[in-house]
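User: Could you pick one part of this structure and take a close look at it with me? I'm new to this, and I'd like the terms explained along the way.

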Amino acid sequence: MRYQLEKFRQELEKLNIDLTEEQTEQFLDYYEFLIETNKVMNLTAITDFDEVIEKHFLDSLSLCRVFELNRQIRVIDMGTGAGFPGIPLKIAFPQIDLLLVDSLNKRIKFLREATKRLSLENVAALHARAEEIAKGKQYREQFDLCVSRAVANLSTLSEYCIPFVKEGGMFISYKSGDIEEEVSAAEKAVAVLGGNINQVYRFELGEQKRSFVMIEKQKKTPKAYPRKAGIPTRDPLR
């Protein structure tokens, strides 16, 4: 094996994830293509193998602590960047049907090539902004799960993500650090959008303090949301 994988395997065992040789190779191929492309395009500031394993791969996969992924569900990864958490989730849980969305076309081209190289099926990568595609029937309230590692205020992120989730589905936001105030401030916005914050799950990954903010979609999102481009960021719902 061309990399030391013992720590990766140990951490996967803690998550009850058992990868096949083919899936392990997919992770390694993904790493290599990420680093290769990163030389000409800014995809990640983290390039060391062990750090990518911990801060990108294991962080993405930690979702299985709080959500059952071993089933056929539709998942949308909003603001996916270099494919996190979507691609690691798809490699480890191939049953999911995945849509990767990002506003930067260069990243989408990278993701399309990555999914092709990794032979991942039932994955689409879409160059779009959330507020543009959230109004159409093709995507609005069509997903069992929306995930996002995007760095944005939870109120803003909820306005971009909750409209894609079907009633009874979940929006799960990956967060770091002390988030109590941010979560509390977002409660009203989440309710307006048809959701309810039903759990904040905290865990440690290496030296990082991480959290999942789990938002259940309880009723349809009013048609007015998300608002036009820029408004949710400039003027978050309160």
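Analyst: Sure, and let's begin with a term we'll need right away. A polar contact is a pair of N or O atoms within 3.5 Å; within protein, one of them must be able to donate a hydrogen and the other to accept it, and residues adjacent in sequence count only if both atoms belong to side chains. One pair that fits is Glu 131 and Arg 129, whose side chains are joined by a polar contact of 3.0 Å.

Keep in mind that the model is predicted: local features need pLDDT of at least 70 and side-chain atom pairs count only at pLDDT 80 or more, while totals for chains, interfaces and linings use all residues. Residues are numbered from 1 along each chain as its sequence is written, and side-chain values use heavy atoms, with hydrogens and water left out.

Glu 131 sits in helix α6. Helices and strands here are DSSP runs numbered from the N terminus: H or I for at least four residues makes a helix, and E for at least two makes a strand. Is Glu 131 buried or exposed? Its relative accessibility is 10%, so it counts as buried. The cut-offs are under 20% relative accessible area for buried and over 50% for exposed, with partly exposed in between (1.4 Å probe, protein chains only).

What does Glu 131 touch, leaving out residues up to four places away in sequence? The list is Tyr 160, Pro 226, Arg 227, Lys 228, Ala 229 and Gly 230. Contact here means heavy atoms within 4.5 Å.

Now follow the chain to Arg 140, in the loop that links α6 (130-133) to β4 (143-148). Arg 140 is buried too, because its relative accessibility comes to 13%. A polar atom of the Arg 140 side chain lies 2.9 Å from the backbone oxygen of Ala 134. Beyond four places in sequence, Arg 140 touches Ala 134, Lys 135, Pro 163, Phe 164, Thr 221, Pro 222, Lys 223, Tyr 225 and Pro 226. Pro 226 is a name you've met already, since it's among the residues that Glu 131 touches.

Pro 226 deserves a pause. It belongs to the loop between β7 and α9 (231-234), and the peptide bond leading to it from Tyr 225 is cis, with omega near 0°.

Back in the loop between α6 and β4, have a look at Glu 141. Its phi is positive, about 55°, although it isn't a glycine. At a relative accessible area of 14%, Glu 141 is buried.

Next, the cysteines. Arg 140 and Cys 161 are 21 residues apart in sequence, and their C-alpha atoms are 9.8 Å apart in space. Why is there no bond between Cys 161 and Cys 146? The sulfur of Cys 146 has its closest cysteine sulfur in Cys 161, but at 3.7 Å that is too far for a bond. A disulfide is a pair of cysteine sulfur atoms within 2.5 Å, and a search of the whole structure finds 0 of them. Cys 146 itself is buried, with a relative accessible area of 0%.

Finally, α6 also helps to line the largest pocket: it supplies at least two lining residues, and so does each of α3 (49-61), β2 (97-102), α7 (154-161), β5 (165-176) and β7 (208-217). On a 1 Å grid over the protein atoms alone, a pocket is an open set of points with protein on both sides within 12 Å along at least five of seven lines; lining residues have an atom within 4 Å of a point. About 890 Å³ of space lies in this pocket, where volume is the space filled by probe spheres set on the points, and points are joined across faces, edges and corners.

Which residues lie nearest the pocket's centre? Out of 36 lining residues, they are Gly 79, Gly 81, Arg 149, Ala 150 and Val 151. The lining divides into 16 nonpolar, 10 polar and 10 charged residues. Here Ala, Val, Leu, Ile, Met, Phe, Trp, Tyr, Cys and Pro count as nonpolar, Asp, Glu, Lys and Arg as charged, and the others, Gly among them, as polar.

Notes. 1 Å grid on protein atoms, 1.4 Å probe; cavity = no way out; pocket = protein on both sides within 12 Å on 5 of 7 lines; lining within 4 Å.
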